[in-house]
Amino acid sequence: MVIDTKSHFKQLEESHLRTDVRESPEKLGEILAEDFWEIGSSGKKYDREACQKGVVQGEMELYHFEIQSLADDTVLTTYYLKEKTRERNTLRSSIWKLMEGRWRLFFHQGTITDLKVEEYAL
């Protein structure tokens with residue numbers, strides 16, 4: 001697999017978390033795979049359509065970003081997300097698949113954590 005750089009996947013992750021993308025079903029639809037699904041930090045399951053209707057707002061910052069190749073066309077990303085607006089932290093994971101020549105978000109999960117950014121380590 002010719003894998004893109006770690007910074008490329010970090011940019012992809014940051015793109016789907018931006019408020020301007022979340023507020024636009026069209027922009028978000030360019031990122032999400034047709035069969036995308038998510039387990040939110042609430043524990044609820046969301047499909048592509050539900051995510052395109054929801055809005056994630058606020059200032060967020062990624063830490064401890066890592067990627068791992070799962071197959072020639074599949075990458076797992078993991079990171080710690082500091083949500084400054086809601087004053088909470090989550091551990092995030094995503095599965096990205098190469099579809100029709102571009103990376104699309106296939107799965108995403110967020111888990112609330114009490115760990116501080118400096119306490120988190122893989």
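Student: Which residue takes a positive phi in the hairpin of β5 and β6?

Tutor: In that hairpin, where two residues lie between the strands, E100 has a positive phi near 50 degrees. This is a predicted model, in which local features need pLDDT of at least 70, side-chain atom pairs count only at pLDDT 80 or more, and totals for chains, interfaces and linings use all residues. Residues are numbered from 1 along each chain as its sequence is written, and side-chain values use heavy atoms, with hydrogens and water left out.

Student: What makes β5 and β6 paired strands?

Tutor: A strand here is a DSSP run of E with at least two residues, numbered from the N terminus, and two strands pair if DSSP finds at least two bridges between them. Strands β5 (residues 88-99) and β6 are joined by 11 bridges and run antiparallel, so they satisfy that definition. Among the positions involved, S93 stands opposite Q109, and N89 has T113 as its bridge partner.

Student: How do you know that β1 pairs with β6, and in which sense?

Tutor: Four bridges link β1 (residues 32-39) to β6 (residues 102-113) in the parallel sense, so the requirement of at least two bridges is met. Q109 in β6 is the bridge partner of I39.

Student: Why are β2 and β3 called edge strands?

Tutor: The six strands form an open sheet of mixed pairing, in the order β2-β1-β6-β5-β4-β3. Because β2 (45-47) and β3 (60-71) each have a single partner strand, one side of each is left without a neighbour in the sheet.
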